[in-house]
Amino acid sequence: MTDQRPTTTSEVTVVVLAGGTSRRFGSDKLGARLHGVSVLEMVVASLPESWPVVVVGPIRECGRL
């Protein structure tokens, strides 16, 4: 098995799709709090800081922790 991870940060851009309506969840799923932090913030914080991140959806408060 070969290692297929990107070798430079210029090879990676993360696109987070955050525009759903969360109908089955009953409220804004990405805005839900988990250990005091929104799910969207948890996702973005889990990514390496050197990777550019684009969040697609309505404007929300979000930053890297």
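Read along the sequence, the protein chain of this predicted model follows the pattern β-β-β-α-β, and it therefore helps to keep in mind that a strand is counted here from two residues upward and a helix from four. In total the chain holds one helix and four strands. Of its 65 residues, 18% count as buried, and the chain exposes about 5,200 Å², of which carbon and sulfur atoms supply 56%. If we take the contacts between residues at least 6 apart in sequence, 52% of them join residues that are at least 24 apart.

A good place to begin looking inside is the largest nonpolar core, which has eight residues, namely Val12, Val14, Val16, Ala18, Leu30, Leu40, Val44 and Leu47. The elements that give two or more residues to this core are strand 1 and helix 1, the helix being residues 39-45. One member of the core, Val14, can be followed further along the chain, for when residues up to four places away in sequence are not counted, Val14 touches Leu47, Trp51, Pro52, Val53 and Val54. Of these, Leu47 is itself listed in the core, while Val53 and Val54 fall within the range of strand 4, residues 53-56.

From the core we can turn to the loop between strand 1 (14-17) and strand 2 (33-34), where Ser22 has its place. Is Ser22 buried or exposed? Ser22 counts as buried because its relative accessibility is 15%, and the cut-off for a buried residue is under 20%. A polar atom of the Ser22 side chain lies 3.2 Å from the backbone nitrogen of Lys29, and, leaving aside residues up to four places away in sequence, Ser22 touches Ser27, Asp28 and Lys29.

Asp28, one of the residues touched by Ser22, also leads us to a salt bridge, since its side chain meets that of Arg60 with a distance of 2.7 Å from N to O. Asp28 lies in the loop between strand 1 and strand 2 and Arg60 in the segment after strand 4, so the pair ties together parts that are 32 residues apart in sequence. Both partners count as partly exposed, with a relative accessibility of 38% for Asp28 and 24% for Arg60.

The count of salt bridges comes to two, and the other pair to consider is Glu41 with Arg33, whose closest N and O atoms are 3.8 Å apart. How do the two partners stand with respect to the surface, buried or exposed? Glu41 counts as buried, at 17% relative accessibility, whereas Arg33 is exposed, with a relative accessible area of 57%.

A last stop is the loop between strand 2 and strand 3 (37-38), in which His35 lies. Which feature of the backbone deserves attention at His35? His35 has a positive phi of about 55° although it is not a glycine, and this is worth pausing over because most residues other than glycine have a negative phi. His35 is also exposed, because its relative accessible area is 74% and the cut-off for an exposed residue is over 50%.

Note on methods: Residues numbered from 1 in each chain as written. Predicted model: local features only at pLDDT ≥ 70, side-chain atom pairs only at ≥ 80, totals over all residues. Heavy atoms only, no water. Buried < 20%, exposed > 50% of the residue type's maximum accessible area, 1.4 Å probe, protein only. Contact = heavy atoms within 4.5 Å. Areas by Shrake-Rupley, 256 points an atom, 1.4 Å probe, with all protein chains shown as cover. Polar contact = N/O pair within 3.5 Å; in protein donor to acceptor, adjacent residues only side chain to side chain. Salt bridge = Lys/Arg side-chain N within 4 Å of Asp/Glu carboxyl O. Core = buried A, V, L, I, M, F, W, Y, C linked by side-chain atoms within 4.5 Å.
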